Amino acid sequence: MSVIINDTCITCDACAQNCPVEAIVDDNDNPTGNPRYYVQPEKCVECVGIFDDPQCAAICPSIGCITWDMPFTKEFDAHFLNEEIYKLGTKNGTPRSPAYKEKKFREDILLSKRGVGEKIQVEPQEGEVA
Ligand code: SF4
Ligand code: SF4
């Protein structure tokens, strides 16, 4: 990962329908138990090689709902093993954390622009049609 969905999600399903790698689950299947959609960081590829930007964020009607998080790389293994934020899938009992397998990420996004809450979408300026 990746990107992360916050509590402004209105469970509209648009992101899940448009994710090219089926990385997004609905509120019923959110492994953290939160009542919102959830991006599985161990599956998200930040749309690298498919779209110019994360498609889920581009299509989400709740601006600011989907934000950047850290790249899904070994450097950030501990971050993704934080069970308050993520519940990773497992393989033979081993969490599918970055140490298990890293994922593609947008290398053009500076680390300083990442982190839970860092915006992907740009809010429309006054007078601009969204
Ligand atoms: S950034 Fe792309 S791959 Fe990742 S969850 Fe969103 S749509 Fe799916
Ligand atoms: S598109 Fe946005 S509001 Fe709709 S389910 Fe996905 S994160 Fe939630």
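In what order do the strands of the open sheet stand, and is their pairing parallel or antiparallel?

1. In this predicted model, the open sheet consists of three strands, which follow the order β1-β4-β7 and pair in antiparallel fashion. As general background, the strands of a sheet are held in pairs by backbone hydrogen bonds, and these pairs can be either parallel or antiparallel.

2. The edges of this sheet are formed by β1 and β7 (118-119), and because each of them has a single partner strand, one side of each is left without a neighbour in the sheet. Between β1 and β4, which run antiparallel, there are three bridges, and I4 has T67 in β4 as its bridge partner.

3. The largest nonpolar core has 19 residues, and the members that touch the most others are V3, I5, C15, I24, V39, C56 and I66. At least two residues of this core come from each of β1 (3-5), β3 (38-39), α2 (55-59) and β4 (66-68), while the largest share, three residues, is supplied by β1. In soluble globular proteins, nonpolar side chains tend to be buried together.

4. I66 deserves a separate look: once its neighbours within four places in sequence are set aside, I66 is in contact with V3, I5, C15, P54, C56, A57, C60 and I120. Apart from the largest core lies another one, of six residues, which include M70, F72, F80 and F105.

5. Around ligand 2 there are 14 residues, of which C9, C12, A14, C15 and C60 come nearest. Sorted by class, the shell around ligand 2 is made up of eleven nonpolar residues, two polar residues and one charged residue.

Note on methods. Residues numbered from 1 in each chain as written. Chains lettered and ligands numbered in written order. Predicted model: local features only at pLDDT ≥ 70, side-chain atom pairs only at ≥ 80, totals over all residues. Core = buried A, V, L, I, M, F, W, Y, C linked by C-beta atoms within 7 Å. Buried ≥ 20, exposed ≤ 12 C-beta atoms within 10 Å, placed from the backbone. Helix = DSSP H or I, 4+ residues; strand = E, 2+ residues; numbered from the N terminus. Contact = placed C-beta atoms within 7 Å. Near = placed C-beta within 6 Å. Nonpolar A, V, L, I, M, F, W, Y, C, P; charged D, E, K, R; others polar. Pairing = 2+ DSSP bridges.
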